[in-house]
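Grab a pencil and your favourite viewer. Below are a few exercises to work through on one protein, each with a solution to check yourself against.

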Amino acid sequence: MIARMSKYDFILYAGQSDDFIERLRELGLVDVTCRGWEPSEGDRQLVTAIEGRTKALAALERFRSSEHFDAAARPFASGDEAYERYGRTAQERAALRTEIGQTEKAAEEARPWGDFSAGTLQRLARRGVVLRFFTAQRDAFEKSRDAWNEQAPVEVIHETSSTVWFVAVSHEGAELSFDAQEVKAPAMTAHDAEAKVASLRSRLSATDAEMSRAAASAALIERDCNRLREELQRVKVTATAEAAADGTLLIMEGWAERETSDRVDALLDEYPNVLYIKSDPTPEDETPVKLKNNRFARIFEMVGDMYARPKYGTIDLTPFFAPFYMLFFGICLNDAGYGLILLAMGMAMLWKFKGGMMRRAAWFATMCAVSTIVFGLFCGSFFGVSLKAYFPSIPFFDFQGRFFSWALAIGLVQILFGQVLRIVMVSATAGFRYALSTLGWFLVILAGSLAAGLPLLDPAWVIPGFTTSSPAFYGVAAIGVVLMLFFNSPGKNPFVNFGTGLWDTYNNITGILSDVLSYIRLVAIGLSGGILATVFNDLATGLSPDIPVVRELMILLILLVGHGINLFMSSISSFVHPMRLTFVEFYKNAGCEMAARQFEQLTKIDQSENKYQLKNSNFSVMTTAIIMAYVGVALMVGLSGMASCIGTSIAGMASVGAMKKNAGAFGSYMILAAIPGSQGLYGFVNYFIIKDFLTDEISMLQGAAIFGAGLLTGVVCLASSYFQSKVCANGITAIGNGHDVMGKTLILAAFPELYAILTVAAVFLIGGAI
């Protein structure tokens, strides 16, 4: 549900603004519009200071949880001193770690060369004797040693069963044509390098005391950071306020929830020299949106926020898509064993996180796990094992044989439900007559589904008196056709309405058909995950040797690795594809409109808020960053979308050819042809992961990271979809020739997609890092 808002226009003296903002912050109920903020140089320095402290707090939090932290460390006197000392120490530790890594690498490289004197090498070089260092494969060395000795004396220093390390005694400027890898002469022995590493580690340990003091001062640093964040709030509000009367007055726009607006009114009435106008929002206002849902729907707000908040004055779709999302997740994962693992993870997260976004994510994982367990038991699948073999009396649902038509039916139900919501929303906002066209489409689709669709699911499901040949069916369909052809634009000429209705008919028919067919992905994903689980079970029993204990260990290893990979891949697909059905098919048919922004009231920033987070704090003085970011988005969405177009076209062309030989297998062709379409979705999902960074406050680092993420996603998805379509096309051709390779093709087609799925994980990690 969208909270109802009241709009305020404040007029006050400019000199009062700081105190007025502080009073609003103490009240904690008012969102002040900050439209078009352009940061000054001083503002940028302020944001840089906040960003630095935010990162420092996160680093110190990690240090506190390490074994190097001394709980008895004495904190610094102030947050500024603690931050400054932390900065110097962090730089020193980073330099030491870099040097340790380089020295350890040098020790590893020098170890085969044994003990030697670098001074002796230098003295020989001054006398014209140069030792050149080489490595070679043993076979090549034995074959060429005599020939190399003719060019220069060769001495073996170290050797293993496969590699030989040797030196050639030469003079400066001599050319040696050795078919071996020449390496740089080591600057120190392995023993000296190890001694240096020990010294560097000792120096690194010595910095633990300073870091412990900084970590003990985290509360002071956080207090300073919160003070700077409040100052940034004040700067943004005053900078975006409208000046009047030669700068003497300021005009601000604010928002408050209607149920708490009385407390805002009380503050404004007692505050001196402030005039305010309270009004209801209009459709032209960019009203901020706050959601107020029940406990169940709040869990799924995180999914809806990946798209956008609903526009004020419309319907919050979260409570309506949440049950469908749970169902779709369970269908896609479709294994009770996997559901139990997710449930254990969700319960562990609930135990660890007592509040905030992570606890909501824990509940989200738990609810999806419950859906997976229920649907997995319904279909009789447990870690890829068919429960039908153990419980033959239980009528488990035949997912592979029967769910294709059910997926289309579920899609129709969600689409029709979305249209009902659209009718309600349009009727409430514009009037019922503006919803008549949508009502017409609803009646036509509903009539066709009941009269023709139900018997396809089960021949016994025939509604008496409402079949495709009954007068009732034709009557309902006729009413729907009249509404959608003649009432799509109320108030206009009937002929214009008819022409517009005909044009909309073509667009809506193709659109709805495409929407319904999109739900086939539920079948494809559920089948691919289940088949892969079965394959790993067969591999575990088929590849393990008949040796006691060893066989059991091999079976356990293969099952753990195989099901781990399958659970990872299937979980990502089960998260992504229901989201796609929600954002594209359901939102479109429900008429979802996006809000301009969320409701964010001015409030005192303290330690009860999400720790070490800062919204909109990063920006760059250059437009290069935002340009790079949008180029990255174009690559991310464009190349992945192009990938799906190419992939589905290749598989589709193979389907057309196969139908000439075996038209009865069209369902299998359709599933295989749809599989390469998922890569375009991954680019779409990755966009939602990084979209919050696309502001005029983006930093160069973030811009470069998004560009890299876009290039990564686009290129990988393009390759993945192309080669996956080749696999699917060959499978389609084989099915057309009469071979039963549907299941095997689904397994093989899953392998190229793994790497496209990994781009989602990579972009998620990139987003977290920046």
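The exercises go from the whole protein to a sheet, two helix pairs and a single residue.

**Exercise 1. Get your bearings.** Find how many helices and strands the protein has, and work out what share of its residues count as buried.

*Solution.* Keep in mind that you're looking at a predicted model.
- Start with the elements: there are 25 helices and 11 strands.
- Next, the extent: along the principal axes, the C-alpha atoms fill a box of roughly 105 × 85 × 50 Å.
- Then burial: 46% of the 770 residues count as buried.
- Last, the contacts: take those between residues at least 6 apart in sequence, and 80% of them join residues at least 24 apart.

**Exercise 2. Lay out a sheet.** Which order do the strands take in the open sheet of four strands, and which of them stand at the edges?

*Solution.* Build the sheet up pair by pair.
- Strand 4 (residues 154–159) pairs with strand 5 (residues 163–171) in the antiparallel sense, over five bridges. Three residues make the link in the hairpin that joins strand 4 to strand 5. For a landmark, look for E159 opposite V164 in strand 5.
- Now go to strand 3 (residues 129–137), which runs antiparallel to strand 5 and is joined to it by nine bridges. Here the landmark is F133, opposite V167 in strand 5.
- Put together, the order reads 4-5-3-6, with antiparallel pairing. Strand 4 and strand 6 (181–183) each have a single partner strand, so they stand at the edges with one side lacking a neighbour in the sheet. From one strand to the next, the twist averages 35°.

**Exercise 3. Classify a helix pair.** Work out how helix 3 and helix 6 are oriented to each other.

*Solution.*
- Helix 3 (residues 79–110) packs against helix 6 (residues 190–206) at an angle of about 165°, and the axes are 8 Å apart.
- Angles over 145 degrees count as roughly antiparallel, so that is the label for helix 3 and helix 6.
- The crossing of helix 3 past helix 6 is left-handed.
- On the helix 3 side the contact includes R93, R97, E99 and E104, and on the helix 6 side it includes E194, K196, R201 and R203.
- By class, this contact of helix 3 with helix 6 has nine nonpolar, one polar and eight charged residues.

**Exercise 4. Try another pair.** Now do it again for helix 15 and helix 18: what is their orientation to each other?

*Solution.*
- Helix 15 (residues 399–429) and helix 18 (residues 494–518) have axes 8 Å apart and pack at about 130°.
- That angle makes helix 15 and helix 18 oblique to each other.
- Helix 15 passes helix 18 in a right-handed crossing.
- L408, L412, I415 and Q419 of helix 15 meet I512, D515, V516 and L517 of helix 18. Sorted by class, the contact of helix 15 with helix 18 has six nonpolar, one polar and one charged residues.

**Exercise 5. Zoom in on one residue.** Is M358 buried, exposed or partly exposed?

*Solution.*
- First find M358 in helix 14 (residues 356–379).
- The relative accessible area of M358 is 39%. Partly exposed covers what falls between under 20% and over 50%, so M358 is partly exposed.
- Finally, look at what M358 touches: setting aside neighbours within four places in sequence, M358 is in contact with M349 and F353.

Key:
Residues numbered from 1 in each chain as written. Predicted model: local features only at pLDDT ≥ 70, side-chain atom pairs only at ≥ 80, totals over all residues. Heavy atoms only, no water. Pairing = 2+ DSSP bridges. Helix = DSSP H or I, 4+ residues; strand = E, 2+ residues; numbered from the N terminus. Axes fitted to C-alpha atoms, helices over the stretch in contact; angles between N-to-C directions. Parallel < 35°, antiparallel > 145°, perpendicular 65-115°, else oblique. Left-handed = near helix turned anticlockwise from the far one by under 90°. Contact = heavy atoms within 4.5 Å. Nonpolar A, V, L, I, M, F, W, Y, C, P; charged D, E, K, R; others polar. Buried < 20%, exposed > 50% of the residue type's maximum accessible area, 1.4 Å probe, protein only.
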